[in-house]
Amino acid sequence: MKIIETAKEMQMTAERLRLEGKTIGFVPTMGYLHEGHLALVKKARELCDIVVVSIFVNPTQFGPNEDIDKYPRDFERDKRLLDQEKTDITFFPDKKEMYPDQYFTYVQVRELEDHLCGLSRKGHFVGVTTIVTKLFNIVKPHYAVFGQKDYQQLIIIQRMVRDLNMDIEIVSFPTVREDGGLAMSSRNTYLSPEEREKGLLIYASIKRVEELFKGGERNTNSLRKEAEKILSSRDGIDIEYINISDAETLKELDYIQDKKAVLAIACRIGKTRLIDNTILTEA
Ligand code: AMP
């Protein structure tokens, strides 16, 4: 596996691969990889000749009171895991490489950021769309794989690619879970055993809502209340939101009617913010 640290070298390499007729599949990450990330890499491996993974903890998507300094990092371990997945190239730039002095340019997808995580994490999605645009320009992928775990991010990137005519196919991949159902996340490493147990209630509430939806319940207030009941059954789970929204526009729904909906949950357990979601749709 080749490790590339500069944008210029990555661009030249991508250009050469394209001229050779190779398809490039790309998985952007912030590192500290887990099975969820590796599932995306496997998907890219299936689809493309060349797999590029980026590891960059992007400062512009963290708010002033967020965890960038203590965000977990272990490049040696990440390298080993990516090698095992037969990754061709890891793009591993430093902060200066991505945001040199006098950096002024940002990309914004309006409307879709005014919901869910965008409300409490002001500016987060501008940071995401800006870094993803830069990475797309550097890696020049034909395909880019994103996880449904970060559902709002996925929807925003799909819209950005459509609106800005980026010639890239966005592939989405289902959420990979730990035993018991907790969605895998680099941030799970912060959880104590007791907090991890509480985290399982997020999945339990998702399963309960799915079950009620399958049984015909379409009133989102009733569905949300059931999720809330489960999450409130133990102390120490601070609910940020439980929303049932149109799966495309992310606007909240009163009833689920002929539309694909998404149940999205964000909560804080101790100091750790966890998110999860599921799509509610007629089978
Ligand atoms: P991150 O390193 O957290 O920025 O995530 C990088 C990519 O991995 C994003 O597309 C995430 O949606 C995806 N991802 C993170 N956790 C999971 C998971 N549990 N299952 C599937 N994809 C995931």
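A salt bridge is a side-chain nitrogen of Lys or Arg within 4 Å of a carboxyl oxygen of Asp or Glu. The exercises below concern a predicted model, in which local features need pLDDT of at least 70 and side-chain atom pairs count only at pLDDT 80 or more, while totals for chains, interfaces and linings use all residues. Residues are numbered from 1 along each chain as its sequence is written, and side-chain values use heavy atoms, with hydrogens and water left out.

**Exercise 1. Salt bridges along the chain**

Find the salt bridge between glutamate 15 and lysine 140, and state which parts of the chain the pair ties together.

Solution.
- Step 1. The side chains of glutamate 15 and lysine 140 meet at 3.1 Å, N to O.
- Step 2. Glutamate 15 belongs to helix α1 (residues 7-19) and lysine 140 to the loop between α6 and β5 (143-147), so the pair ties together parts 125 residues apart in sequence. Helices (H or I, at least four residues) and strands (E, at least two) are DSSP runs, numbered from the N terminus.
- Step 3. Relative accessible area is 34% for glutamate 15, which is partly exposed, and 25% for lysine 140, also partly exposed. The classes are buried under 20% relative accessible area, exposed over 50% and partly exposed in between (1.4 Å probe, protein chains only).
- Step 4. A second pair is glutamate 178 with arginine 196, whose closest N and O atoms are 2.6 Å apart. Glutamate 178 is in the loop between β6 (169-173) and α8 (193-214) and arginine 196 is in helix α8, so this pair ties together parts that are 18 residues apart in sequence.
- Step 5. The total by this rule is 22 salt bridges.

**Exercise 2. The domain interface**

Describe the contact between domain 1 and domain 2, beginning with the domain bounds.

Solution.
- Step 1. Domain 1 covers 2-173 and domain 2 covers 186-276; such bounds come from an automatic or database domain assignment.
- Step 2. Their C-alpha centres are 26 Å apart. Domain 1 puts 20 residues into the contact and domain 2 puts in 17 residues, where contact means heavy atoms within 4.5 Å.
- Step 3. About 1,700 Å² is buried between the two domains, with carbon and sulfur atoms giving 56%. Buried area is the accessible area (1.4 Å probe) that two parts lose on being put together, summed over both.
- Step 4. Of the area that domain 1 buries against domain 2, 32% is supplied by His115, Leu116 and Tyr151, more than any other three residues.
- Step 5. One salt bridge is counted between the domains. Aspartate 67 and arginine 187 form a salt bridge through their side chains (3.0 Å, N to O).
- Step 6. On the domain 1 side, α5 (116-120) and α7 (151-163) each supply at least two of the residues touching domain 2.
- Step 7. Leucine 116 is placed in helix α5. Its phi is near 45 degrees, a positive value in a residue other than glycine, and leucine 116 is buried at 5% relative accessibility.

**Exercise 3. The nonpolar cores**

Which residues of the largest nonpolar core touch the most other members?

Solution.
- Step 1. A nonpolar core is a set of buried Ala, Val, Leu, Ile, Met, Phe, Trp, Tyr and Cys residues joined through side-chain atoms within 4.5 Å.
- Step 2. The largest core has 47 residues, and Met10, Val52, Phe136 and Ile170 touch the most other members. Helix α6 (residues 124-139) gives the largest share, eight residues.
- Step 3. Both domain 1 (2-173) and domain 2 (186-276) give residues to this core, so it lies between them.
- Step 4. Apart from this core lies another, of 22 residues, including Val209, Leu253, Ile256 and Leu280.
- Step 5. Isoleucine 170, leaving out residues up to four places away in sequence, touches Phe136, Ala144, Phe146, Leu154, Ile157, Gln158 and Val161.

**Exercise 4. A strand residue**

Is isoleucine 24 buried or exposed, and what does it touch?

Solution.
- Step 1. Isoleucine 24 is in strand β2 (residues 24-29).
- Step 2. With a relative accessible area of 0%, isoleucine 24 is buried.
- Step 3. Not counting residues up to four places away in sequence, isoleucine 24 touches residues including Ala14, Leu17, Val52, Val139 and Tyr143.
- Step 4. The C-alpha atoms of isoleucine 24 and aspartate 49 are separated by 6.2 Å, at 25 residues apart along the chain.
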